[in-house]
Structure formats: structure tokens, C-alpha cells
Amino acid sequence: MWAKVDDGWWCHPKVIGLSLEASGLWVRALSWSCAQRLDVVPESFIRMVGGSTAIATELVNAGLWITDPDGWRIHDWDEYQTLTVSERRAESGRKGGLASGQKRSKPEANAKQKHFANEANDEAGTRPDPTRPDQTSSQPFVNETVTAAIDEAVRQRQANVSNIRNPDAWRRTVRDQIVNDEDGHDKAARLLEQYPTANTSQIAAALNGSTVALRLLKRETLPNEPATS
């Protein structure tokens, strides 16, 4: 995610009288806030980057920050930063996310594999058993399960974040990140292939990096140990 700073920010009336320390703190805090997808900057961050409440107060007095119970809220963050994310990712999220799921399912490869299998059966004088289920018919279910797992991963992340001022925009941004930046479709599909009995909550937890979820998935799929005499 990118933080948007106007090229006229340096000479804006609110900025022109700021100290260099306050200007630097504003830029670093904006970068942090976009990475965290939060518009409130906590005091712990101020201390971490070597700032102080006096510098934060300077930004409040300039109208760039607003005092908040959890720290300081960046003025107009929702209007500029959230829209930037939506504009930049909306098209790629709609086209790239959906198209990548279809592309990565490799329908052409499946069709070729089925074609070659039919040719081999013809040469052997046999045809596939018509009562045997077509394995490719499970693909829509896989795609639906992948989508459900990604949606659940977003819900799990949201449950661990507080003070989200625009939940809908936040969820869209996080979903686009999982799909585009983290290859969510590929990861979820691989997990489903490796652990076919897993449910969407387990896949979502694994997508979110839960080592506990991965251990549980592996434990459920381990074969029984042979009996020893």
C-alpha cells in the first residue's frame, strides 16, 4: 500500500510554518498508518521514532492531527488515503483477482490432460467408466471454497484490529492485498489440495500465517502409524 502526499504539501499553509521535526513526524506517521490501515497514530509509535507529545501537539495546532483517545488521528486520512487504495486496487482487484483464480485453475491444462487420457483409452480399446464422476466437476467447488476462505481470512484479520473508521473500505483493501500481494488464490488452492478435509476457517487461519492451524491440518492428514509386533 502507498501513502499519498500531494506535491504541494511542502508549501501548504498548514505546513509552511511547521518545524522540520513535526514535518518529518507527519510523513513517517502517515507511512506507518497506511501500512497498518489505521488513521490513528498511537503514542507508542511517536516514542518509537524518537518523537514527543510536544511535536504531536504542534501538528494538532497546525490542524494536521486531531487528538484522539488512542493517540492522534490524521486529518482527512479517510478521504485521501482510502480513496487512493480503492482507485489503485479496484480495477486490478476485480479483474486480476477473479481472472487469476480462473487462470490459476489451469482449465486448458485440465482439458488437454482429459483429451490425452481419452486418446490413450481409445488406443487401448477402452473408454472411461461413464458412472465414474468427472474430477473436473469439483473445480467450481474449489473456486467457491477459495473465495470463502479469503473472505474468512479478512474477517479474522478484522477481529484483531480496533478503531477502523471505514470498515467496508478496510475490508476491500485487505482482501485485495491477500489476493494480489499475497497470492491468496494460489495459497488457498494449494492448501485445499494438500488438506482436502480442511474447512474454510482452517484455510483462512493458515492464509493469515497461523502456525497452529498448519500444525492441526498436518496432524489431521497424517496416516495412521503401522502397528508394531
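# Close-up views of a predicted protein model

**Figure 1. Asp168 and Arg171 sit three residues apart in helix 7 (residues 167–181), so about one helical turn separates them.** Everything shown here comes from a predicted model, not from an experiment. The two residues form a salt bridge, and their closest N and O atoms are 2.3 Å apart. How much of each partner is open to the outside? Asp168 has a relative accessible area of 44%, so it counts as partly exposed. Arg171 is partly exposed too, with a value of 29%.

**Figure 2. Arg155 and Glu152 join up through a salt bridge in helix 6.** Here the N to O distance is 3.0 Å. Helix 6 covers residues 139–159, and these two are three residues apart in it, so about one helical turn lies between them. Is Glu152 buried or exposed? Its relative accessibility is 16%, and the cut-off for buried is under 20%, so Glu152 counts as buried. Arg155, on the other hand, comes out at 46% and is partly exposed. So this pair brings together a buried residue, Glu152, and a partly exposed one, Arg155.

**Figure 3. Glu152 again, this time with its contacts from elsewhere in the chain.** Which residues does Glu152 touch once its neighbours within four places in sequence are set aside? They are Thr200, Ser201 and Ala204. Glu152 itself belongs to helix 6.

**Figure 4. Glu43 and Arg47 make a salt bridge within helix 2 (residues 43–48).** The N to O distance for these side chains is 3.6 Å. How many residues apart are they in the helix? Glu43 and Arg47 are four residues apart, so the gap between them is about one helical turn. At 55% relative accessibility, Arg47 passes the cut-off of over 50% and so counts as exposed. Glu43 has 39% and is partly exposed. Across the whole model, the count comes to four salt bridges, and the one between Glu43 and Arg47 is among them.

**Figure 5. The second largest pocket holds about 410 Å³ of space.** Its lining is made by 17 residues, and those nearest the centre are Asp6, Trp9, Trp26, His75 and Tyr80. Two elements give two or more residues to this lining: helix 1 (20–36) and helix 4 (77–104). Which one gives the most? That's helix 4, with three residues. If you sort the lining residues by type, you get nine nonpolar, four polar and four charged.

**Figure 6. Arg37 and Asp76 are two loop residues with a positive phi.** Arg37 has a phi of about 60°, even though it is not a glycine. You can find Arg37 in the loop between helix 1 and strand 1 (40–41). With a relative accessibility of 11%, Arg37 is buried. Asp76 is not a glycine either, and its phi is near 65°. Where does Asp76 sit? It is in the loop between strand 3 (71–74) and helix 4. Asp76 is partly exposed, with a relative accessible area of 30%.

**Figure 7. Confidence in the model changes from one part of the protein to another.** The mean pLDDT of the protein is 74, and 66% of its residues reach 70 or more. Where is confidence highest? Helix 3 (residues 53–61) takes that spot with a mean of 95, while helix 5 (residues 107–124) has the lowest, at 55. Over residues 126–139, pLDDT stays under 50, and the model gives that stretch 10 contacts beyond four places in sequence. Residues 222–229 stay under 50 as well, and for them the model has zero such contacts.

**Figure 8. A step back to the whole protein, with its 10 helices and three strands.** Starting from the N terminus, the elements follow the order α-β-α-α-β-β-α-α-α-α-α-α-α. How many of the 229 residues are buried, as a percentage? Buried residues make up 32%. Take the contacts with a separation of 6 or more: 65% of them link residues 24 or more positions apart.

Methods
Residues are numbered from 1 along each chain as its sequence is written. This is a predicted model: local features need pLDDT of at least 70, side-chain atom pairs count only at pLDDT 80 or more; totals for chains, interfaces and linings use all residues. Side-chain values use heavy atoms; hydrogens and water are left out. Buried means under 20% relative accessible area, exposed over 50%, partly exposed in between (1.4 Å probe, protein chains only). On a 1 Å grid over the protein atoms alone, a cavity is a set of points where a 1.4 Å probe fits but cannot get out, and a pocket is an open set with protein on both sides within 12 Å along at least five of seven lines; lining residues have an atom within 4 Å of a point. Grid points are joined across faces, edges and corners, and a volume is the space filled by probe spheres set on the points. Ala, Val, Leu, Ile, Met, Phe, Trp, Tyr, Cys and Pro count as nonpolar, Asp, Glu, Lys and Arg as charged, and the others, Gly among them, as polar. pLDDT is the predictor's confidence in each residue, from 0 to 100. Contact means heavy atoms within 4.5 Å.
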